[in-house]
Amino acid sequence: MRIPRAEEVRGLLAEGCRQLLEKPVYSGAISLFGAGVKLAGLKDRKASLLAKGQKDVWHRLDEYIDPEARYVWIHAASLGEFEQGRPIIEKLRRERPEYKILLTFFSPSGYEVRKDYAGADCVCYLPFDTPGRVHRFIDKVNPEIAIFVKYEFWRNYLHELWRRQIPTYLVSAVFRPDQAFFKRSHAWYALWLKWYTRIFVQDERSRALLSAIGITNVDVCGDTRFDRVSDIRASRKPIPLLEKFTDRNSTERPVVMMAGSSWPQDEDVYADWFNTHPDVKLVIAPHEFDSARLDSLCRRFNNGAVLMSEAEKNPDKLDGRQVLILDCFGLLSSAYAYCDVAYVGGGFGAGLHNINEAAVYDIPVIYGPNNAKFIEASEMAESGGGLPISSSEEFENIADMLFSSKEERESRGLKAGGYIRSKIGATDKIFDKIF
């Protein structure tokens, strides 16, 4: 038997002390968060949904989990991460039917939209990451494989999966120098990454950052969202009202911009330009909407705005309107096909939304400055198909250029679409390495 060296003993003792301190402090914070969600749920709808979902998750698992089946567990924080993991889910369903699929969400904005998703055998919330819940959840599901999408680092789940020797993967991940993993004061946080069996990152920079802190179980495979938007384009839904509004079959049709996942900060950037250009049409898909939001949005436009729900009842309401507002979910990714230019929201607020689902239709994409977390934003700009802006003045200059020149629109649109096509294939790479 080999006697450990002194530095190895010190390392083991340090790791043991870290575990003793870290686990209860972290778990206590998660418990406090859960209590805060219940309290906030008395007034906030989203918090109320999360609290109810946490309470109901065990009933849902009892109802849908087959104790004799073999499960792959896939976790996505919210709707965007789900779309990133969806190509893997659908390939798994097609090619490995011996597995059943459990899909979990953390956020109500993901779960409430996809709780009836037919591609999974069970869809539920992820129980809060406390030791008791973690053991109960993994005992119940007994997954053969666990897959986390992009930004999911739950300490107790990762440690328990590692302890039980369940292969655990992180897919389509992106790492940045400002994350806690790479700060000396949070070095313990980086050790969580060693509990993944394999980490699949989007780019070489992420791999290099991880390598510098001793994380070498890494492959550069790209981003599965490119595969997803390509699939969406191939199976997009026809939208007759958009066909009518955009006059797609007319040789004299107007130029149309689609503003996807639009927030009020985004409308501050582009609304005035459209008010002074009544010959150009605009389709808006607000990121969130209620009656007050929709009323306010309609009032921002001087040349006539109509809601999709109103036009569905009476298509004649489209006549003479410059702006159509999609006050429903599920149409955005297909709606881009009816437009000549895209504006993707979030870049003047919390963070940019999905620019890939617009670019796949070979149209130029405009977006705001808060895009540093998204590799595709800088790469699409380098290709010439993405057009980042930081002010309403910059939007006006780009709009003047794009809407006055069909050649410029089409040239930049082909560059945007070409960029998407150059990135397809991550799903197959990841799938082949896992399965």
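**Exercise 1. Surface and charge**

Task: For this predicted model, state how much area the protein chain exposes and what share of that area carbon and sulfur atoms supply.

Solution.
1. The exposed area of the protein chain is about 20200 Å².
2. Carbon and sulfur atoms supply 52% of that area.
3. For the charges, the chain has 59 positive and 61 negative ones, and their mean positions lie 6 Å apart.

**Exercise 2. Overall dimensions**

Task: Determine how the radius of gyration of the protein chain relates to the globule rule for 435 residues.

Solution.
1. The secondary structure of the protein chain consists of 19 helices and 14 strands.
2. The radius of gyration is 24 Å, and the globule rule gives 22 Å for 435 residues.
3. These values are close, so the chain is as compact as a globular protein of that length.
4. Along the principal axes, the C-alpha atoms fill a box of roughly 85 × 45 × 40 Å.

**Exercise 3. Burial and contact range**

Task: Give the percentage of buried residues in the protein chain, and the percentage of contacts that join residues at least 24 apart, among those between residues at least 6 apart in sequence.

Solution.
1. Buried means under 20% relative accessible area.
2. Of the 435 residues, 53% are buried.
3. Among contacts between residues at least 6 apart in sequence, 67% join residues at least 24 apart.

**Exercise 4. The buried residues of helix 8**

Task: Identify the buried residues of helix 8 (residues 204-212) and decide how they are arranged around the helix axis.

Solution.
1. The buried residues of helix 8 are Ser206, Leu209 and Leu210.
2. Viewed down the axis, these residues fall within an arc of 95°, so they line one face of the helix.
3. Their cover includes strand 5 (168-173), strand 6 (198-201) and strand 7 (218-220).
4. Gly214, just after helix 8, has a positive phi of about 85°.

**Exercise 5. Positive phi outside glycine**

Task: Locate Lys150 and Ser261 in the secondary structure, and state whether each is buried or exposed.

Solution.
1. As background, most residues other than glycine have a negative phi.
2. Lys150 has a positive phi, near 65°.
3. The position of Lys150 is the loop between strand 4 (145-149) and helix 6 (155-163).
4. With a relative accessible area of 5%, Lys150 is buried.
5. Ser261 also has a positive phi, near 50°.
6. Ser261 belongs to strand 8 (residues 256-262).
7. The relative accessible area of Ser261 is 11%, and this residue is buried.

Technical notes
Residues numbered from 1 in each chain as written. Predicted model: local features only at pLDDT ≥ 70, side-chain atom pairs only at ≥ 80, totals over all residues. Heavy atoms only, no water. Helix = DSSP H or I, 4+ residues; strand = E, 2+ residues; numbered from the N terminus. Rg over C-alpha atoms; globule rule 2.2 N^0.38 Å. Buried < 20%, exposed > 50% of the residue type's maximum accessible area, 1.4 Å probe, protein only. Contact = heavy atoms within 4.5 Å. Areas by Shrake-Rupley, 256 points an atom, 1.4 Å probe, with all protein chains shown as cover. Lys, Arg positive; Asp, Glu negative; His and termini not counted. Charge placed at Lys NZ, Arg CZ, Asp CG, Glu CD. Arc of directions from axis to C-beta.
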